[in-house]
Amino acid sequence: MNIKVLGGGCKSCEKLLEAAKEAVANKSIDAEVEYITDMEKIMSYGVMSMPALMIDDKVVSAGKVLKAKEVEKLL
């Protein structure tokens with residue numbers, strides 16, 4: 001499983017990154033969590049609201065900071 005957190009390096013983006021890592025640990029899933037801050041790359045995914053969360057190259061959340069429990073439900 002590949003999980004990407006897309007953001008510009010702001011506090012909200014970092015909170016989503018931590019929530020994603022916590023959710024992966026809580027569910028004991030073998031997943032790679034990436035943090036992407038390159039705006040060109042983010043725009044190539046078609047994401048305009050950040051932070052955004054992608055699971056296996058599908059955008060599952062954009063424009064809000066999810067808590068770990070919310071991310072777990074998406075995994």
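The following paragraphs lead through a predicted model, beginning with its sheet, passing to the helix that packs on it, and ending with the nonpolar cores.

The sheet is open and has 4 strands, which follow one another in the order β2-β1-β3-β4 with mixed pairing. Because β2 and β4 (58-62) stand at the edges and each has a single partner strand, one side of each is left without a neighbour in the sheet. Between neighbouring strands the turn is 20° on average, when direction is ignored.

The pairings can be taken one by one along that order. Strand β2, made of residues 32-36, pairs with β1 in the parallel sense over 5 bridges; within this pairing K4 stands opposite E34, and the bridge partner of L6 in β2 is I36. On the other pairing of β1, the strands β1 and β3 run antiparallel and are joined by 4 bridges, with L6 standing opposite A52 of β3. Strand β3 in turn pairs with β4, again in the antiparallel sense and over 4 bridges, and here L53 stands opposite S61 in β4. These two strands, β3 and β4, form a hairpin with 2 residues between them, and D56 in the turn has a positive phi of about 50°.

How is the helix placed with respect to these strands? Helix α1 packs on the sheet and touches β1, β2 and β3, while its direction makes about 175° with that of β2. Taken together in the order β1, α1 and β2, these elements make a right-handed β-α-β unit.

The interior can be described through the nonpolar residues that the helix and strands supply. The largest nonpolar core has 12 residues, namely I3, V5, L16, L17, A19, A20, A23, V24, L53, I55, L66 and V71. Two or more of its residues come from each of β1 (2-6), α1 (11-27) and β3 (52-55), and α1 gives the most, with 6 residues. One of the core residues, L17, is in contact with V5, V33, E34 and Y35 when its neighbours within four places in sequence are left aside. Apart from this core lies another, of 6 residues, which includes L6, I42, V47 and M54.

Strand β3 deserves a closer look, since both of its faces are covered, with A52 and M54 buried on one side and L53 and I55 buried on the other. M54 and L53 also illustrate the two cores, M54 being among the residues of the core of 6 and L53 belonging to the core of 12.

A last residue to consider is N2, which lies in strand β1. Is its position buried or exposed? N2 is buried, because its relative accessible area of 17% falls under the 20% cut-off used for that term. The side chain of N2 is joined to that of E32 by a polar contact of 3.5 Å. Leaving aside neighbours within four places in sequence, N2 is in contact with E32 and E34, and also with M54, I55 and D56, the last of which is the turn residue with positive phi in the hairpin of β3 and β4.

Methods:
Residues are numbered from 1 along each chain as its sequence is written. This is a predicted model: local features need pLDDT of at least 70, side-chain atom pairs count only at pLDDT 80 or more; totals for chains, interfaces and linings use all residues. Side-chain values use heavy atoms; hydrogens and water are left out. A nonpolar core is a set of buried Ala, Val, Leu, Ile, Met, Phe, Trp, Tyr and Cys residues joined through side-chain atoms within 4.5 Å. Buried means under 20% relative accessible area, exposed over 50%, partly exposed in between (1.4 Å probe, protein chains only). Contact means heavy atoms within 4.5 Å. Two strands pair if DSSP finds at least two bridges between them. A crossover is right-handed if, with the strands pointing away from the viewer, the path from the first strand over the helix to the second runs clockwise. Axes are lines fitted to C-alpha atoms, for helices over the stretch in contact, and angles run from 0 to 180 degrees between N-to-C directions. A polar contact is a pair of N or O atoms within 3.5 Å; within protein, one must be able to donate a hydrogen and the other to accept it, and residues adjacent in sequence count only if both atoms are side-chain atoms.
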